[in-house]
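Colleague: I've never looked at this one before, so could you walk me through it? Put it on the screen and I'll ask as we go.

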Amino acid sequence: MSFESLGLSSPLLRALSDLSYTQPTPIQTQAIPHALLGTDILAGAQTGTGKTAAFALPMLQRLAANAGDRSGIRRVRGLVLTPTRELAAQVQESIREYGRHLGLRSTTVFGGVGMQPQVEALRRGVDILVATPGRLLDHLGQRTLDLSNVEILVLDEADRMLDMGFLPAIRRVLSAVPRARQTLLFSATFADEIKALAQQFLRNPVEVQAEAKNSAAHTVEHRVHPVDASRKRDLLLHVLAQDSRRQTLVFSRTKHGADKLVQILESAGHKAAAIHGNKSQGARTRALADFKSGRVVTLVATDIAARGIDIEQLPAVINFDLPMVAEDYVHRIGRTGRNGSTGFAISLVSQEESGQLRDIQKLLQREIPRHEIEGFVPTLPLKMTGPAPKGPARGNQRPPQPRPPRGAPPRNTTHGHASRGRAPAGKPAARPRFGQG
Ligand code: AMP
C-alpha cells in the first residue's frame, strides 16, 4: 500500500517524501480514503500508530481543495481539539510539516500561556486551529474566535478529554460549530461514553481500528517486578543502572512523587527531569526538548502531562506506580516499541497494587510475566487470586482523590514471612534483560 493509492494530492505526497515516510500505517490506510470523501470517522488508535497523519492529511487536502482565492481574511475551517497543550503543540507541528507545500495557515491555542499572542494570531486569520477545550472556550467567551465556518472537526484522544472532565466543554464547542461538517473522533479506547458521544455528534461514521481493541502494541515486552513499596526507589535505580544511557520514561502517579524521584535520580548522578501539571509551560517544554535531544535521559511524568508525548522509538517505559485506571497502562506504553522496534514496559509493583495489576491483566487479556530481582524480593507477596474488583476497569471510575504518595512510612522489609508468595510463573529471581538489548 502506498500513500499515492490512498488518493493524496501531490503537495502532500511531496511533504511525506521529505519526511521519509514511505508507507502508510494501518490506521492511515484505513482512515484516509474515507476521510478524503468527507465521511465521519470513529477511529480507535493510540499514540504511536500514526493517528495524527491519519486525520491531518485528509483534513489538509480537503481544506486546500476549497480554499477560495485566499485574498480575504482566513477563517477557521479545520478545528482539532486535544486534551493537553503538549499534544496540541505536537499536532500543530505535524500539520505544519504535512502542509508545508499547501499554503494553509495553522495555529494553537492552549492554557498556561498569555491570551494576547493567541488573540493576535487569530485576528490575523488561520485556516486550521489546534486547541485544548478550556482555552478554546475562553476565546469563544471573549469573542476573539469565531467557529461558524468550521468544516472539519477532529476530537483527538477523545477518551482522555472525557477522563479530564472536558465533556461539558466539548459539548459547548460542538454547539458553536456548524451542523454540516465532517467530524473525526480518535480515541485509544471505546468506552461507553465515547460511543455515546459518537452517536450524538457523528453522522453515519465509518469505524476504523488501528489494532485489536484495547490491545497494547505487540512489540512491547511487558514485565512486572514485584517489590515492597519501601524498596521501589532503590529498585528503580537498580533497573536504570543496567543501562544509564537508555532513554526511559518513568511514570509516577503523583506530581509530588515525580519531583521526589527526580531529586533521587539526580543525586544518584542521572540526568533526569519531571513534567507534570504544576510545572510552568516553559519548564514542561524545556524538559521535553531536553529529553528529545538526549540531554535528559530519564523523564519522570504523570499520566496527564505525558499524554501525546511523541518520541520516536522510546526504548523503555517504567511504571514506578501502576496507574489507578487500567487503560492508562495502555496509554503509557503506547510510547514504546514503535515502528517494529522492541520496547520494554517495566512495572514495579507492590502488594498494595495487586488489584490494579489484576485490572491491567484483565484488560490486556493476558498475564504479564513476573520477575523477582535478587535483593528486591518482596516480603509482601502480590495478591493475584481472589475476586477482581467489581465492575470493569473504566476511566469514569477514576477515584476523585489520588492516594497519598507512596513510600512513607517505610515498612520493615527484613522480617517478612518465610513464604514469599512467589509469582505463579515460578520464575527464579532474574536480572532484568532490559539493558542488554
Ligand atoms: P502519532 O501516532 O500520530 O503520534 O505518530 C507517531 C509517530 O510516527 C510520529 O513521529 C510520526 O511522525 C510518525 N509517523 C506517522 N506516520 C508515519 C508513516 N507512515 N511512516 C513513518 N512514520 C510515521
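Colleague: Where is E157 found?
Modeller: This is a predicted model, in which local features need pLDDT of at least 70 and side-chain atom pairs count only at pLDDT 80 or more, while totals for chains, interfaces and linings use all residues. Residues are numbered from 1 along each chain as its sequence is written, and side-chain values use heavy atoms, leaving out hydrogens and water. Helices (H or I, at least four residues) and strands (E, at least two) are DSSP runs, numbered from the N terminus. By that numbering, E157 sits in the loop between strand 5 and helix 7 (158-163).

Colleague: Is E157 buried or exposed?
Modeller: Buried means under 20% relative accessible area, exposed over 50%, and partly exposed in between (1.4 Å probe, protein chains only). E157 has a relative accessible area of 2%, so it counts as buried.

Colleague: And what is the phi of E157?
Modeller: E157 isn't a glycine, and yet its phi is positive. The value for E157 is about 50°.

Colleague: R143 has a positive phi too, I hear. Is R143 buried or exposed?
Modeller: R143 is in the loop between helix 6 (133-141) and strand 5, and its phi is near 55°. Its relative accessibility is 76%, so R143 counts as exposed.

Colleague: Let's go to the core. Which element gives the most to the largest nonpolar core?
Modeller: A nonpolar core is a set of buried Ala, Val, Leu, Ile, Met, Phe, Trp, Tyr and Cys residues joined through side-chain atoms within 4.5 Å. The largest one here has 40 residues, and L8, L57 and I95 have the most contacts inside it. Among the elements that give two or more residues to this core are helix 1 (10-18), helix 3 (51-65), helix 4 (85-98) and strand 6 (182-187). With eight residues, the one giving the most is helix 3.

Colleague: How far apart in space are R62 and I152?
Modeller: R62 belongs to helix 3 and is partly exposed, at 28% relative accessible area. In sequence, R62 and I152 are 90 residues apart. From C-alpha to C-alpha, R62 and I152 are separated by 8.9 Å.

Colleague: What separates the C-alpha atoms of P33 and S5?
Modeller: P33 is part of helix 2, and at 30% relative accessible area it is partly exposed. S5 and P33 are 28 residues apart along the chain, and the distance between their C-alpha atoms is 9.1 Å.

Colleague: Which residue has its backbone nitrogen 3.1 Å from the side chain of T84?
Modeller: T84 is in the loop between strand 2 (78-81) and helix 4, and it is buried, with 4% relative accessible area. A polar contact is a pair of N or O atoms within 3.5 Å; within protein, one must be able to donate a hydrogen and the other to accept it, and residues adjacent in sequence count only if both atoms are side-chain atoms. The partner that meets a polar atom of the T84 side chain is L87.

Colleague: Which residue's backbone oxygen does the side chain of K232 reach?
Modeller: K232 is in helix 10 (residues 232-241) and counts as buried at 1% relative accessibility. Its side chain makes a 2.7 Å contact with the backbone oxygen of F320.

Colleague: How many of the residues of helix 14 are buried?
Modeller: Helix 14 covers residues 326-333 and is largely enclosed by the rest of the structure. Its buried residues include Y329, H331 and R332. The count for helix 14 is eight of the eight.

Colleague: How far apart in space are L363 and E327?
Modeller: L363 is in helix 15 (residues 354-364) and is buried, at 15% relative accessible area. L363 and E327 are 36 residues apart in sequence, and their C-alpha atoms are separated by 7.5 Å.

Colleague: Now the ligand: how far is its oxygen atom from a polar backbone atom of G50?
Modeller: There are 15 residues around the ligand, and Y21, Q23, G48, G50 and T52 come nearest; near means that a heavy atom of the residue lies within 4 Å. Ligand oxygen is also 3.0 Å from a polar backbone atom of T49 and 3.3 Å from one of K51. For G50 the distance is 2.7 Å.
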